[in-house]
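Please open the structure in your viewer and keep the sequence panel visible. The tour below proposes one selection after another and states what is found at each stop.

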Amino acid sequence: MFAVDIDISKSKSTIAIIKDGEVFNKPFTINHSQEGFEYFKNTLKDVDKSEIKIVMESTGIYHLPLLTKLLENNYFVCVENAFLLKKYFDVYLRKAKTEDTIIHDFIIKKELEGKPPKVCKIAGLNKFLRIYYAKVKECYLQ
């Protein structure tokens with residue numbers, strides 16, 4: 001699998017590509033233009049698109065031109081909000097293992113497997129119910 005991280009700024013983006021945990025090539029910068037996008041495509045031209053997972057930061061409107069091009073070319077793209085990620089990792093790094101973080105981890109895992117959002121939420125609800133019923137059962141057995 002190829003993991004592609006795109007750091008977006010106003011008129012250019014820095015791209016880092018990792019293949020199976022190893023650096024695929026040196027990070028490079030592209031302009032938000034057709035030539036820049038073609039350079040990116042040529043870098044990964046020999047790779048099957050189903051093997052490429054792209055993550056980019058939601059940066060107001062600056063990420064939209066590149067996101068549109070990637071989606072038009074059938075790439076898998078995950079756009080993340082940096083503020084929400086920070087909030088999530090603040091909880092996660094404190095090693096808080098509440099039902100919320102367990103279910104959130106479960107839903108993210110399903111999303112990364114490529115499941116539709118509705119299916120992920122239903123699977124998360126099922127996971128919550130299993131935890132809830134196990135706790136109820138534990139209370140009645142004591």
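**First stop: the loop after α2**

Select N74, which is exposed, with a relative accessible area of 61%; exposed means over 50% relative accessible area, buried under 20%, and partly exposed in between (1.4 Å probe, protein chains only). N74 sits in the loop between α2 and β5 (76-80). Helices (H or I, at least four residues) and strands (E, at least two) are DSSP runs, numbered from the N terminus. Although N74 is not a glycine, its phi is positive, at about 60 degrees.

Before the next selection, please note how the model is to be read. It is a predicted model, in which local features need pLDDT of at least 70 and side-chain atom pairs count only at pLDDT 80 or more, while totals for chains, interfaces and linings use all residues. Residues are numbered from 1 along each chain as its sequence is written, and side-chain values use heavy atoms, with hydrogens and water left out.

**The whole chain**

Now display the complete protein as a cartoon. Five helices and five strands are present, and from the N terminus on they follow the order β-β-β-α-β-α-β-α-α-α. Of the 142 residues, 25% count as buried. The protein exposes about 10100 Å², of which carbon and sulfur atoms supply 58%; accessible areas come from the Shrake-Rupley method with a 1.4 Å probe, and for residues only the protein chains shown count as cover. Among contacts (heavy atoms within 4.5 Å) with a separation of 6 or more, 39% are between residues 24 or more positions apart.

**The nonpolar core**

Which residues of the largest nonpolar core touch the most other members? Select V4, I6, F40, I54 and L70: among the 20 residues of this core, these are the ones that do. A nonpolar core is a set of buried Ala, Val, Leu, Ile, Met, Phe, Trp, Tyr and Cys residues joined through side-chain atoms within 4.5 Å. Two or more residues each are given to this core by β1 (2-8), β2 (12-19), β3 (22-31), α1, β4 (52-57) and α2 (64-72). The largest share, four residues, comes from β1.

Keep L70 selected and show its surroundings. Not counting residues up to four places away in sequence, L70 touches I6, F37, F40, I54, M56, Y75 and V77.

**Two helices and their buried sides**

Colour α2 and select L66, L67 and L70, which are its buried residues. They lie on the same side of α2, because they cover an arc of only 100 degrees around the axis; the arc is that of the directions from the helix axis to the C-beta atoms. The buried residues of α2 pack against β1, β2, β3, α1, β4 and β5.

Turn next to α1, where G36, F37 and F40 are buried. These residues cover an arc of only 95 degrees, which puts them on the same side of α1. Their cover includes β1, β2, β3, β4 and α2.

**The salt bridge**

Remain at helix α1 (residues 34-43) and select K41 and E38, which are three residues apart and separated by about one helical turn. An α-helix has 3.6 residues a turn, so residues three or four places apart point the same way. K41 forms a salt bridge with E38, the closest N and O atoms being 3.9 Å apart. A salt bridge is a side-chain nitrogen of Lys or Arg within 4 Å of a carboxyl oxygen of Asp or Glu. A search of the whole structure finds one such pair. Both partners are partly exposed: K41 has 24% relative accessibility and E38 has 29%.

**The loop between β1 and β2**

Select S11, in the loop between β1 and β2. Is S11 buried or partly exposed? With a relative accessible area of 49%, S11 is partly exposed. Leaving aside neighbours within four places in sequence, S11 is in contact with N31 and H32. Add Y62 to the selection: S11 and Y62 are 51 residues apart in sequence, and their C-alpha atoms are 7.6 Å apart in space.

**Last stop: a surface patch**

Finally, select L125, F128, L129 and Y133. Together they form a nonpolar patch on the surface, with about 380 Å² of accessible area. Patches are made of residues with over 30% relative accessible area and no salt bridge, with like charges joined within 9 Å and nonpolar side chains (Val, Leu, Ile, Met, Phe, Trp, Tyr) within 5 Å. F128 belongs to helix α5 (residues 117-141) and is partly exposed, with a relative accessible area of 36%.
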